[in-house]
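Visitor: I would like a walk through this structure, contact by contact. Where shall we begin?

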Amino acid sequence: MIEDRRIAFFMRAYNDIDHFSPIIAEFVKRSENPVIVFTSDIDFENDYRIKFLKTLGNFEIFKDVDKAFNKSSNSNSFIKKLFQRFYKIKRNPKTLIGKYHRRFFHDNSKQFDFLHAKNIAACVFEWSTPFDKGEVIEKYFIAATGIGITTIAIPHGCNVFINSDVNVSYRKMIKKGKLVEQSDRALYDYFILQNPIRRLGWIKWGLDPVKTQAWGSARFYPDWATINRNICPKFNPKIDPKGKLKVVFMQFQKDYNLHNELIMQALQKLSQIKYISLVVKDATREGKEYYNRESAQGKLGSALVGWYGNDVHSPALIDWADCVIVIGGSIGIEAMLQKKMLIYPTYLNSNLTMYEYFNAAYCASNFQEIEQFLELFHTAENVKPPPGIDEMMTEIVYAGENSFNVPLRYYENIKNKSLAYRLPRIEH
């Protein structure tokens, strides 16, 4: 009898664990004994989601740390910037150094042997291209593709934008007359998004509509979100709000077309409001925030009671909060699931998001409107929620369909021995 083949998941960051865990849980619960490969030195042993997965059954964890890629990601000194520049040249197969490196030093044998030895049937990677996240991931991808193992890119985040030019680099390219290169992403057997809006955006940029599919959001599937909130370490600040409105301000990655100076001005004004207790949460993609605790020191008022990174988790912060303010990220969906007041200041981000598109949050066009919402939440009872929450949840959690078990769909599609490339039937 042929031994059941296994699934390998490749992760490197906090966000990857956040969005992969509900899917891995489906495999663990069904005694599939999946394989997890970490290519960074993240402290996964103490991650609350990994600890929870261990209570469900068996899986294997391996570390194949890409030290050079991790080192190249740090450019906070002149020497490190030089190394980063050299690393990019070495990784580029079109440069002379890149060609030399690949001819004499590039060896996939370790990864090739690993995939064979572990009897891997499918490799699940995070979004991006097979080459953007370092040489180790590239080696696994090339080995898997060469062997004939299915390769799948699934979300490491949740894109809530309507427009496709979501970040600064995309806009620079477009303004220079270039489109984002899609040929590398097209190498995956599947490129998965949560929802039809984002799927259409990538197809418009050239991705194959057959292999580019929307499977929903496993991270924000309500059943998993409840589990995630319950297993998440609680947030117990040593403060007494004394009747104040508890507000969490969720930072987002600075290069996603944010108006960063206006954001700091908004934080300064928020921190002066006497009837709120303000907590700031950094972007979970570490190092991507525009302001941090150190640079903001002394600039904010007495309403600020805490500023946290990944040492405190967003579900716990939202559980503590009365109101959540987002400036572009998907964590607002967690606030919706927990039925908390959600403010989205449209003037702090030049992207169009699903929050205002579906009218699913209290959208503020200036700071005065933010303050009006906060005062309403502080003084009024039974404030009516925005009307578009259910519609946004249908779009982004359930891929525009009626509700279904999202992690189970990922499980079934990943386990499928054939590629589901059938186009949907068009009714005439």
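Visitor: Which side chain makes a polar contact of 2.3 Å with the side chain of Thr353?
Guide: This is a predicted model. The side chain of Thr353 also has a polar atom 3.2 Å from the backbone nitrogen of Tyr355. That partner is backbone, and the question asks for a side chain. The side-chain partner at 2.3 Å is Glu356.

Visitor: Is Thr353 buried or exposed?
Guide: Thr353 sits in the loop between strand 12 (341-345) and helix 14 (354-357). Its relative accessible area is 0%. The cut-off for buried is under 20%. Thr353 is therefore buried.

Visitor: Which residues does Thr353 touch, leaving out those up to four places away in sequence?
Guide: Glu356 makes a side-chain polar contact with Thr353, but sequence neighbours up to four places away are left out here. The contacts that remain are Val160, Phe161, Ile162 and Tyr344.

Visitor: How far apart are the C-alpha atoms of Thr353 and Gly328?
Guide: Thr353 and Gly328 are 25 residues apart along the chain. In space, their C-alpha atoms are separated by 7.1 Å.

Visitor: Which side chain has a polar contact of 2.8 Å with the side chain of Asn163?
Guide: The side chain of Asn163 has a polar contact of 3.0 Å with that of Asp165. That distance does not fit the question. The partner at 2.8 Å is Asn351.

Visitor: What is the relative accessible area of Asn163, and does that make it buried or exposed?
Guide: Asn163 belongs to the loop between strand 5 (150-154) and helix 8 (168-175). Outside its sequence neighbours up to four places away, Asn163 touches Arg171, Arg198, Asn351 and Leu352. Buried means under 20%. Asn163 is buried, at 16%.

Visitor: Is Ser217 buried or exposed?
Guide: Ser217 is in the loop between strand 7 (212-214) and helix 10 (222-231). Beyond four places in sequence, it touches Cys158, Gln194, Ile396, Val397 and Val406. Its relative accessible area is 1%, so Ser217 is buried.

Visitor: How is helix 2 oriented to helix 10?
Guide: Helix 2 (residues 48-56) and helix 10 have axes 10 Å apart. The packing angle is about 110 degrees. Angles of 65 to 115 degrees share one class. Helix 2 is therefore roughly perpendicular to helix 10.

Visitor: How many nonpolar residues are in the contact of helix 2 with helix 10?
Guide: Helix 2 brings Tyr48, Arg49 and Phe52. Helix 10 brings Trp224, Ile227, Asn228 and Ile231. By class, 1 is polar and 1 is charged, and the nonpolar count is 5.

Visitor: Why are helix 6 and helix 7 called oblique to each other?
Guide: The axes of helix 6 (residues 109-117) and helix 7 (residues 135-147) come within 8 Å. They cross at roughly 55 degrees. That is not under 35 degrees, over 145 or in the range 65 to 115, so what remains is oblique.

Visitor: How many charged residues are in the contact of helix 6 with helix 7?
Guide: The crossing is right-handed. Gln111, Phe112, Phe114, Leu115 and His116 in helix 6 meet Val136, Lys139, Tyr140, Ala143, Ala144 and Ile147 in helix 7. The classes are 8 nonpolar, 2 polar and, for charged, 1.

Visitor: What handedness does the crossing of helix 11 with helix 15 have?
Guide: The axes of helix 11 (residues 260-270) and helix 15 (residues 367-379) come within 11 Å. The crossing angle is roughly 35 degrees. Its handedness is right-handed.

Visitor: How many polar residues does that contact of helix 11 with helix 15 have?
Guide: Ala266, Lys269 and Leu270 of helix 11 meet Phe367, Ile370 and Leu374 of helix 15. There are 5 nonpolar residues and 1 charged. The polar count is zero, that is, no polar residues.

Visitor: What is the phi of Asn119?
Guide: Most residues other than glycine have a negative phi. Asn119 lies in the loop between helix 6 and strand 4 (120-126). Its phi is positive, near 55 degrees.

Visitor: Is Asn382 buried or exposed?
Guide: Asn382 is in the loop between helix 15 and helix 16 (389-397). It is not a glycine, yet its phi is positive, about 55 degrees. The cut-off for exposed is over 50%. At 79% relative accessibility, Asn382 is exposed.

Conventions
Residues numbered from 1 in each chain as written. Predicted model: local features only at pLDDT ≥ 70, side-chain atom pairs only at ≥ 80, totals over all residues. Heavy atoms only, no water. Axes fitted to C-alpha atoms, helices over the stretch in contact; angles between N-to-C directions. Helix = DSSP H or I, 4+ residues; strand = E, 2+ residues; numbered from the N terminus. Left-handed = near helix turned anticlockwise from the far one by under 90°. Contact = heavy atoms within 4.5 Å. Nonpolar A, V, L, I, M, F, W, Y, C, P; charged D, E, K, R; others polar. Buried < 20%, exposed > 50% of the residue type's maximum accessible area, 1.4 Å probe, protein only. Polar contact = N/O pair within 3.5 Å; in protein donor to acceptor, adjacent residues only side chain to side chain.
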